[in-house]
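Reader: I would be grateful for a close examination of the ligand site in the model shown below. Please describe the surroundings of the ligand in detail, and then comment on the cysteines.

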Amino acid sequence: MKKLNTRIIKKHKLKSKGHSLSMLTCYDYQTAQMFDETDLDLILVGDSVGNVVLGYETTIKVSLDEMIMFSSAVKRGAPNKFVVADLPFGTYSSLEEGITSSKKLFQASECEAVKLEGAFPYQLELIKRLVQIGIPVMGHIGLTPQSVHEMGGYYMHGKDQKKANSLLKSAKDLESAGAFAVVLECVTAPLSELITNELSIPTIGIGSGDKTDGQVLVINDLLKMGKHTPPNFCKPVADLYSLRKGLVEHYLNNFKKMEADENHLYN
Ligand code: KIV
């Protein structure tokens, strides 16, 4: 299996008609090992680790050290995959801070790329500089969870024409700045399709319809590993929460039975 690099990913659009890029999140060594043995195209160590692994209310609490720890574990487990690590909130608030944080994350985790949310002018400049340094960057627009309080919640983006124009411009700006791909999160399906047609780099959608060049999902949602129902754009393929709970309960029942038998034997 040929390991992907940013050139292959960029060319994906032109070369492999009909093959959608697959990306799943991953946060631990053992799951990464399993992914490494599959055809999955890209792994994302998302800052969603804050929600699904660490139990934070939002992704805002996730620190750079946490991202380094989780990304390093994933990269150790998936040496043959193209792994993207999220830059967490507050670690790229300025150009210089963004360069320092990206270098630290990229070098310590040994991941292949970093991802950042937004397309403000200083972020575009940051992407240019990172690409010059040799750090590939994936963009992320639409619903950007690190700005949830500024945006006023989690909702679909690009519904009105002004917002749609602005998102299209952001996507084009990210491409011009040197991003090798862009995540479209909760962007309306028609706008996602338009952006996908207008860009020469791949778009990777989540909750954004099926006309993007690729799709990304949170693995914990796909396998329903958590107690709560996943977002409605994700149709889980299993219910690992119930399955694992059932297995633990089964073990505990046997354990208690064995304990009772032993007590009976010694009394
Ligand atoms: O953190 C994450 O998991 C993400 C995806 C939802 C795209 O950014």
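**The ligand site**

Author: Four nonpolar, four polar and four charged residues make up the shell around the ligand. This description rests on a predicted model. The shell consists of Thr25, Leu44, Gly46, Asp47, Ser48, Asp86, Lys115, His140, Val183, Glu185, Ile206 and Val218. Among these residues, Asp47, Ser48 and Asp86 each place a polar side-chain atom within 3.5 Å of a ligand oxygen. For Ser48, the distance between the polar side-chain atom and an oxygen atom of the ligand is 2.5 Å. The corresponding separation is 3.0 Å for Asp47 and 3.2 Å for Asp86. As for the cover that the protein provides, the ligand taken alone exposes 260 Å², of which the protein buries 95%. The space that the ligand takes up is also the largest pocket.

The cysteines may be considered next. No disulfides are found in a search of the whole structure. Cys111 cannot form such a bond because its sulfur lies 10 Å from the closest cysteine sulfur, that of Cys26, whereas a disulfide requires two cysteine sulfur atoms within 2.5 Å. Cys234 is likewise in no disulfide, and the nearest cysteine sulfur, belonging to Cys186, is 12 Å away. With regard to accessibility, Cys111 has a relative value of 5% and therefore counts as buried. Cys234, at 3% relative accessibility, also counts as buried, the threshold being under 20%.

How values were computed:
Residues numbered from 1 in each chain as written. Predicted model: local features only at pLDDT ≥ 70, side-chain atom pairs only at ≥ 80, totals over all residues. Heavy atoms only, no water. Buried < 20%, exposed > 50% of the residue type's maximum accessible area, 1.4 Å probe, protein only. Near = heavy atom within 4 Å. Polar contact = N/O pair within 3.5 Å; in protein donor to acceptor, adjacent residues only side chain to side chain. Areas by Shrake-Rupley, 256 points an atom, 1.4 Å probe, with all protein chains shown as cover. 1 Å grid on protein atoms, 1.4 Å probe; cavity = no way out; pocket = protein on both sides within 12 Å on 5 of 7 lines; lining within 4 Å. Sits in = over half its atoms within 2 Å of the grid points. Nonpolar A, V, L, I, M, F, W, Y, C, P; charged D, E, K, R; others polar.
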